[in-house]
Amino acid sequence: MPTKTTLHTPYTWTPSTEADPPTLGGKAASLRALTDAGFPVPSWFAVTPAAFRDSLSGTQREALDAGRLAAADLEEVAPTPAVQEALADAMADTFDTSGAETDLSLAVRSSAPEEDAAEQSFAGQLESYLFVPPDEVPARVADVWRSAFQRSVLEYRRAQGLDGPPPPPAVVVQRMVTPDRAGVAFSAEPSSGRRGVSVVAAVRGAGTPLVDGTEDGDTFHVDREGQVIERTIRRQHTAHRLDQDAASGLRETTLSEADGEAPTLSDEEAADVAALARRAERHFGRPQDIEWAWADGTLYLLQARPITGLAGQPDPDAPLRVWDNSNIAESYSGVTTPLTFTFARRAYEAVYQSFLRVMRVPEATIEAHADTFRTMIGLIRGRIYYNLLSWYQTLALLPGFRFNRAFMEDMMGVSERLPEALLPEREAASLGEKIWDALRLVWSALHLILYHVRIDDRIEDFYDLLDRTLDPPSPGLEQMRLDELAAFYRTLEDELLARWDVPIANDFFAMIFFGLSKRAVERWGGPAADRHNHLLTGHGALVSTEPARRMRTMADHVTGDRELTETLLDGSLREIEGALDDRPALRAEYEAYLDRFSDRCLDELKLESPTLRDDPLSLWRSVGALARRLETEDVPEPGTTEQRMREEAEEALDEALSGQPLRRWITKWTLRHARERIAARETLRFERTRAFGVARRIFLEMGRRLAANGRLDDPRDVFYLERGELLGIVEGTASTTDLPALVEARREEFDEYREAPPPPDRFRTHGAVHAFDLLPDPSAGPEDSESADDGASDGEWSGTGCCPGTVRGPVRVVTDPRAATLDGDEILVAERTDPGWVPLFAAATGLIVEHGNLLSHAAIVSREMGLPSVVSLPGVTDQLQDGDVVEVDGHAGTVRRVDADS
């Protein structure tokens, strides 16, 4: 390299100058970084965009500024004498033409500002020239300038979404080495994105045939340890493949064996090239595509650019996660705030660890799977998802995983079964370990049976614990200091999470008995085989339908009073409160409803959700709609229709099992336990709502204290803090105390999530979840939108029937139930529902839900209310509009659009 330093001119820039470079484009910027970092880069300098602009005529500059300059306008363009003088000086200073480089050849390459970027490479769009003699450099520089404005480049820019005219290009002039071998290399496998595999492609001589696609060259795949794990050797034209070497795992492809020519690179040389590519990746912080050359025993790096297409793409070799929102979206629909998510994640972690301890899973096993419990749910773009592999791994710790797996999938309502290849296995290396593992499974199964024998007593004990723990403290929450509120929350969490195994165990038994009874009925039930869900109805005073029964009582007080009905439907909350002054019986029913169900609101498990005490208007609107409907229709009392359904199904089952006492006993026994456990499941979920309600009030009081002390702008800002951050303010473990700034940043982020389209219902991630794109799940089948389009082509949809009966009428598509009312003759259409939707159920004549299954809340409550319903109809909310007339067949599980006049 020369030792003298070129003074920086407006037209050229060399790496040896101390002045910062002008905008030189992606290729020059990369070469400068590589040179500064000591990479083996042949000497070079750059021609600045100013050289191009000053070489234009006045008319050409006007066209450039107006975005009208084209390659045809540059046919006569050439560097000005001043630019040519700067080029000559730069070549004299950069390349030693007096000694060993008398046969100097140069490469003249484009370096446009948009070139070699992570998003687009402009590969092959602008011209490059190799083996250029020094006296031809000015002409080739002009050729590169011209190529930046050719039609193909302009079309490429438009295809890449780049607006405006092309910016003036810079040009790189670099010493050509005379390689005996050359090529390209990728620090990561570009086709798959595997970061642990580098790909090296090589040809003899210069790498031009490889770059322009006229020659394929030899290809080597090199792992992170520098071992060649696959090679493709290309010779002449005829291909044959060698069998894989079982010992080394190396796969080799040879094109023609005619001449016996050795591979272009040895494995050691290929590993050296791969190491150079990886070194460039480490320097730039992202996977690189490099051009390299071997010359006189030296490996040179000619240029490096990001591998386009890998931005956002995860490494397929990284750990896989499968995400599914299934029926968890019933509890946590839409965007969920950080406080709710971190509160729920902690609960899932502690509760399932406690449950496995009760099931006598060894403590060492539980501790070994700590990460599994910690990651049972995740927050993806503001929405809560099941991490399915963690759920399956948890279930695999219990006896009979293969048997229980299908039951769990039915219970969770997962859209597709997990492929066998992804299922967790319980491995034991030796015979003794297998025997010991089997004995532990037998012990767990025995304890599970004994646990079930006393499940009702355990549930009663759990209710007693809840009543003691959730009793209002003294002093009340309103009078507690911030530290007292935090301490009370800690006590609540410690007391309840340690005993929350009872609801989880009941859910587990509901899952088991639901699956067993379904199998028995389908196998032996004859005409009742398709009525399994009917056989599970008729629970009597199911807590999920109690709001509907209480609403019916309130509506009975209103029916016939036209003025009061109109007030409930259209009046303000103040007007409704005034109307209650003369109706003490109705007010008493209303106050009793709030005392019991004020926490059972829309999105009741989301701590940020306002309760009925905050805004009871939606309740009154539904009571008014039901009262108006009672004036014109004979609406059955809640519970009567489902009882009839169950009786009819039991008659069919008795007929099928006549003369088969053993089958009859087994079927009836499993059905009875399924009904009991499902009823208990709904009641325990209500108790969970109570616990969440107390936690909500604690956190809101903490928000009020922080707002009063100027630590928050508003008490409800507390929901944008994480559980640990909020408690850390009290306990001294918070790393950030500027809470308003933290809340503002989170609010802005979560508002963006609300505005953006939601992630799919099911998808996959590899490696770092939030660092890369979400990937479609191959097991999920066609996209929901495609399914919906197919179903809408003939106006019919087929899903899961939950409550028999046929009803016809206009639909009301509800996305926000807080502001929705039904007219009394409408069919409710929703994406998902939770217990807070029951007031709308009471005013509907039918129910259509996109998501759900036979054990989802919508299915259970609609059966108990005798409301014809169909769930699991992906995309139906997009295909139906308010006022469309449909016919719902809750037995067949079909929805059909009909003419309004038919």
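## A five-stranded sheet

Two strands count as paired here if DSSP finds at least two bridges between them. With that in hand, let's look at this predicted model, which has an open sheet of five strands in the order β15-β16-β14-β17-β18, with antiparallel pairing. At the edges sit β15 (377–380) and β18 (775–776), and each of these pairs on one side only.

Further in, strand β14 (residues 320–324) and strand β17 (residues 762–766) are joined over five bridges, running in the antiparallel sense. If you would like a spot to zoom in on, try L320, whose bridge partner in β17 is H766. Helix α13 (residues 388–396) packs on the sheet, where it touches β14, β16 (383–387) and β17. The direction of α13 makes about 40 degrees with that of β16.

## The nonpolar cores

In soluble globular proteins, nonpolar side chains tend to be buried together. The largest nonpolar core in this model has 97 residues, and F508, I698, F699 and M702 have the most contacts inside it. Helix α26 (residues 661–708) supplies the largest share of this core, with 14 residues.

I698 is a handy residue to follow by eye. Setting aside neighbours within four places in sequence, I698 is in contact with L477, L485, F488, Y489 and L492. Apart from the largest core lies another one, of 48 residues, and V543, M554, V814 and V861 are among its members.

## Space inside the protein

The structure holds five cavities of 30 Å³ or more, and the largest has a volume of about 880 Å³. Its lining is made up of 41 residues, of which Y348, Y352, I504, D507 and R688 lie nearest the centre of the cavity.

Which elements give two or more residues to this lining? They are α9 (328–331), α10 (338–358), α13, α14 (401–412), α17 (482–497), α18 (501–524) and α26. Of these, α10 gives the most, with eight residues. Two helices on that list may sound familiar: α13, which also packs on the sheet, and α26, which also gives the largest core its largest share.

## A helix among helices

One more place to visit is helix α21 (residues 562–570), where L564, T565, T567, L568 and L569 are buried. What do these buried residues of α21 pack against? Their partners are α20 (546–558), α22 (573–579), α23 (584–597) and α24 (617–632).

Notes. Residues are numbered from 1 along each chain as its sequence is written. This is a predicted model: local features need pLDDT of at least 70, side-chain atom pairs count only at pLDDT 80 or more; totals for chains, interfaces and linings use all residues. Side-chain values use heavy atoms; hydrogens and water are left out. A nonpolar core is a set of buried Ala, Val, Leu, Ile, Met, Phe, Trp, Tyr and Cys residues joined through side-chain atoms within 4.5 Å. Buried means under 20% relative accessible area, exposed over 50%, partly exposed in between (1.4 Å probe, protein chains only). Helices (H or I, at least four residues) and strands (E, at least two) are DSSP runs, numbered from the N terminus. Contact means heavy atoms within 4.5 Å. Axes are lines fitted to C-alpha atoms, for helices over the stretch in contact, and angles run from 0 to 180 degrees between N-to-C directions. On a 1 Å grid over the protein atoms alone, a cavity is a set of points where a 1.4 Å probe fits but cannot get out, and a pocket is an open set with protein on both sides within 12 Å along at least five of seven lines; lining residues have an atom within 4 Å of a point. Grid points are joined across faces, edges and corners, and a volume is the space filled by probe spheres set on the points.
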